[in-house]
Amino acid sequence: MTHLLLMTAFVLIMAIWQWSISKKIAETNIQICFGTKKDNGIVMITVLLVMMCLAALRSSEVGNDTKEYIRIFNMVISDPDYINVTRFEKGYLYLNKFIGLFTHNPQWVLIVTSSIYYLIFIWFFKKHSKDYAFTLVLFFFLMYGATLTMIRQQLAIAFVFVAFDRIMNKHCIRAMIWILVAFLFHSSAILLLILPILPHIKFNKWLAFIIILLCSLCAFTDLLYKVCIVLAPSYAHYFDSAYVGSGWLAVSFNLFCNLIFFVIIWFVLNRDKQSVIVEESTLTAENEKNLQLWIAFIAFAGMILGYKINLVDRIVLYFTVFAVLFLPNALTKTNSKYKMLIVFGITLMLAMYLIIVLKYRPNWNRIYPYTFFWQD
C-alpha cells in the first residue's frame, strides 16, 4: 500500500509540474526552432537527468539484461575466479569489482553505470549539439530504451563519443585510447578504431556502391557466417539462435531510417563545399565532411546485414547514435520554413518504428511496464 501511495504522489507531482510548464516549454521551443531565442540546454539537461535517475533506480524487471548484470555483480564479489572464466569484458568486470569494494548491493551497479554514461551524454550533447530540443527527441527514440537494458554497450558508446570529440580536435592517439577503453566494456567497439581513419578517406560514391553490394552479398549468402567463423568465432553461435530469420520488418524500417539520416546529412554537406555540421572542430571542412558522411553511410550499409542476423543492429548502433548529433546540427542549416516539416516527419517515422518493434519484436529492449527497484 505504501508503494502505491508513493507512486500515486509521484505521478500527481509530475502531472502538475508538466501542466504548469508545458505551455512555456512549447512557446520556447517554437522560438528556438525559428531562431528567435537561443536554447541554453537547461530543458535537455533536466530531462536527461530524469532519464538517468530512471535508469539508475530501475528494478531488475526493467530491461532484458538487467537481471544478468545483477547476477554478474553477485558472481564477481562472491567468486574470485569468476573474472578469469567468464566471457564478459574485463573492463566491465573490474568496474563491478571496484563497486563491490564499497557495497554488496547490486543496485549500485545500475546507479554507477547509468551515471557514467548519462553524464557523458549530457557533456557531449551540450558541447556539440546546435538544437538541444531535437537532440532530446532523437535520443528518446534511438537511445533511451538501450540505456535501460544494454549497460556494457552504453558505456562503450559513451567512451566512443569522447573519442569522437578527440578526433574532432586532431587528437587521434587519445581517440584510439578511448576506443580501446570502450573495447574493455563491449568487445565489438574495437571496430570503431576505424573512426580516426575516416576523415582521411574521401567519400566516394563508387566505393560506397561497392560496399553496399558487398553487404548485400553477405546478407543473402553464407559469406557473413564464414567471415564470422574466422574473425569472431565466439559470435558464430548467434547464427543458430533466435536472432536469425525474424524481425525483417523492424530491420527494413531501421534500414530506411538510416538511409533518410544519410541522405539529409549528405545533402546539407554537399550543398556548400565549406559547410560543417559540428563546428567545435579543428579538422578541415573536407576531413570533417568525410568523417560524418562515412559514419552516416556505415549506419545505413551495415544495417543491410541485419537481414542475415538481426544482432548486427547492436554493432550498427555505434554509428546510428551519431544521428542524435548530426541530424539536429544539419537541420539548423536548412530553411526554417522546411525545418519544422522535416523534424515532424522524422519524429513520426521514428515513432512508427518504435510501434513496429513493440508489436513484432516485444523482446527487444523490454522496458515496459517500468518499476522502481524498491518495487521488486
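**Chatting through a predicted model**

Q: Quick one to start: does Arg152 count as buried or exposed?
A: Arg152 counts as buried, because its relative accessibility is 11%. Buried means under 20% relative accessible area, exposed means over 50%, and partly exposed is in between (1.4 Å probe, protein chains only).

Q: Anything I should know about the model itself?
A: The model is predicted: local features need pLDDT of at least 70 and side-chain atom pairs count only at pLDDT 80 or more, while totals for chains, interfaces and linings use all residues. Residues are numbered from 1 along each chain as its sequence is written, and side-chain values use heavy atoms, leaving out hydrogens and water.

Q: Back to Arg152. Where does Arg152 lie, and what does it touch?
A: Arg152 lies in helix α8, residues 151-168. Helices are DSSP runs of H or I with at least four residues, strands are runs of E with at least two, and both are numbered from the N terminus. Not counting residues up to four places away in sequence, Arg152 touches Tyr69, Phe88, Glu89, Tyr92, Phe185 and His186. Contact here means heavy atoms within 4.5 Å.

Q: How many residues has the largest nonpolar core?
A: That core has 113 residues, and those with the most contacts inside it include Tyr118, Phe121 and Phe139. Helix α8 gives the most to this core, with 13 residues. A nonpolar core is a set of buried Ala, Val, Leu, Ile, Met, Phe, Trp, Tyr and Cys residues joined through side-chain atoms within 4.5 Å.

Q: What is Tyr118 in contact with?
A: Leaving aside neighbours within four places in sequence, Tyr118 is in contact with Leu48, Met51, Met52, Ala55, Phe139, Tyr144 and Thr147.

Q: New topic: how many disulfides are there?
A: A search of the whole structure finds 0. A disulfide is a pair of cysteine sulfur atoms within 2.5 Å.

Q: Why no bond for Cys215 with Cys218?
A: Because the sulfur of Cys215 is 6.6 Å from the one in Cys218, its closest cysteine sulfur, and that is too far for a bond. Cys215 is buried at 12% relative accessibility, and Cys218 is buried too, at 14%.

Q: And Gln292, buried or exposed?
A: Buried, because its relative accessible area is 0%. Gln292 is in helix α13 (residues 285-303) and touches Met168, Leu269, Ile277, Val278 and Phe326, not counting residues up to four places away in sequence.

Q: Last one: where is Leu184 found?
A: Leu184 is in the loop between α9 (172-183) and α10 (205-219). Leu184 counts as partly exposed because its relative accessibility is 40%.
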